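Me: I would like to go through this model step by step, with each answer reasoned out before it is given.

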Amino acid sequence: METFFLRGSSLSSIPSSSLNHRSTFRPINRRPCLRAQQSDGSATDIPPGEFKVRNSQDEIAATQGIRIRRRPPTGPPLHYVGPFEFRLQNEGNTPRNILEEIVWNKDTEMRGKKPLYTLKKAVDMAPPPRDFIAALKASYLRTGMPALIAEVKKASPSRGVLREDFDPVEIAKAYEKGGAACLSVLTDAKYFQGSFENLEAIRNAGVTCPILCKEFIVDAWQLYYARAKGADAVLLIAAILPDLDIKYMTKICKLIGLTPLVEVHDENEMDRILEIDGIQLIGINNRNLETFEVDISNTKKLLEGERGEKIKQKDIIVVGESGLFTPADVAYVQEAGVKAILVGESIVKQKDPTIGIAELFGKDISAA
């Protein structure tokens, strides 16, 4: 579908051969800015300096094997047709996969954020952080099985709505009763139908499990906001964040009392994260973050050989993520070296999530 910005002219002056692509036209404007086409159809002017910064960020990320671009890139018009600027809407300014679309949407959400200093008082007033890693270790010692991080999730882009009768507090209480060591709460609204209100409600309901804020972090501001809402841990995704960002954000997490769970999904990302000092918790996502296909053998592949030895030397806890539905799945990733698992779909869809946990592990793992 073509989108045209025209003032005082008609399309009749443009050769039909120029209209065979999804395109954007507007009269030539000599103002020192660039025009960015947004995913919602609106257009935004971007100063050339910011365009250069955005491009350089993506170039740095690309050197580290990061394929997910952090912001919708834009650039000078590719063509001039008569009195109009002409730019194709191609992969340069269109999300290439669902993760990139989510990340671009986060950047849009960040534009309306309050200044960071306004969160300081809220962070100071937040409930004291609970020890996420200690809870995982205690559960593993108690049960001899991977500690469970049970995910409070209503929907996902790949599966749609997982549970219609979704009560986040009741689900969280059922998870805790069933033996979950920690909770993960989806806070993304647009793609997962989650919210920070859900996280806050669970925290205020007397649930004692430490809570991971499951969000797509692209800005340090989000860390402070998660802590202000009562989170004890946050997810940092290596497919999105360059090494310098991860180093910076892990330091902020330590400063404000959050535990970072750094997620990887391939060999390159694992190697990058193992070179960063101070990482205590690594999640291996068995889901390809670009195609959303799942293969639990990915966990075993990333924990073999030198990588596995380095993880043991650094005393890093590995969390298995995605594709875990049966006791055999749990046993498989445990044998590979996993000491915790993050599970949502296979238990949240159960009428009684407490029973769902017992079925996942093949036995009752509750403390009762």
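Me: Does F196 count as buried or exposed, and at what relative accessibility?
Reply: This is a predicted model, and the value for F196 is computed from it. The cut-off for buried is under 20% relative accessible area. F196 falls within that class, so F196 counts as buried, at a relative accessibility of 12%.

Me: How many aromatic pairs are there, and which geometry do F196 and Y225 adopt?
Reply: With ring centres required to lie within 6.5 Å, the count comes to three aromatic pairs. In the pair of F196 and Y225 the centres are 4.8 Å apart and the planes stand at 80°. Planes over 60 degrees apart count as edge-to-face, so the geometry of F196 and Y225 is edge-to-face.

Me: How many residues apart in sequence are the parts that F196 and Y225 tie together?
Reply: F196 belongs to helix α6 (residues 196–204), whereas Y225 belongs to helix α7. The pair therefore ties together parts whose separation in sequence is 29 residues.

Me: Which class of exposure does Y225 fall into?
Reply: The partly exposed class lies between the cut-offs of 20% and 50% relative accessible area. Y225 has 22% relative accessibility, so Y225 counts as partly exposed.

Me: What kind of ring pair do W221 and Y225 form?
Reply: W221 and Y225 both lie in helix α7, four residues apart, which is about one turn of the helix. W221 is buried, at a relative accessible area of 12%. The ring centres of W221 and Y225 are 5.0 Å apart and their planes are at 10°, so the pair is stacked.

Me: Which residues do ring pairs link into a cluster?
Reply: Y225 pairs with F196 in an edge-to-face arrangement, and Y225 also pairs with W221 in a stacked one. The cluster linked by ring pairs consists of F196, W221 and Y225.

Me: How many of the residues of strand β12 are buried?
Reply: In a regular strand the side chains alternate between the two faces of the sheet. On one side of β12, A233, L235 and I237 are buried, and on the other V234 and L236 are buried, leaving both faces covered. For strand β12 (residues 233–237), the number of buried residues is five of five.

Me: What is the handedness of the crossover from β11 to β12?
Reply: Strand β11 (residues 211–214) pairs with β12 in the parallel sense over two bridges, and L212 stands opposite A233. The chain passes from β11 through helix α7 (residues 220–228) to β12, and this β-α-β crossover is right-handed.

Me: Which residue in β13 is the bridge partner of I237?
Reply: β12 pairs with strand β13 (residues 259–264) in the parallel sense over five bridges. Together with helix α8 (residues 243–256), β12 and β13 make a right-handed β-α-β unit. The bridge partner of I237 in β13 is E263.

Conventions:
Residues are numbered from 1 along each chain as its sequence is written. This is a predicted model: local features need pLDDT of at least 70, side-chain atom pairs count only at pLDDT 80 or more; totals for chains, interfaces and linings use all residues. Side-chain values use heavy atoms; hydrogens and water are left out. Buried means under 20% relative accessible area, exposed over 50%, partly exposed in between (1.4 Å probe, protein chains only). Two strands pair if DSSP finds at least two bridges between them. A crossover is right-handed if, with the strands pointing away from the viewer, the path from the first strand over the helix to the second runs clockwise. Rings of Phe, Tyr and Trp (its six-membered ring) pair if their centres lie within 6.5 Å; planes under 30 degrees apart count as stacked, over 60 as edge-to-face and the rest as tilted.
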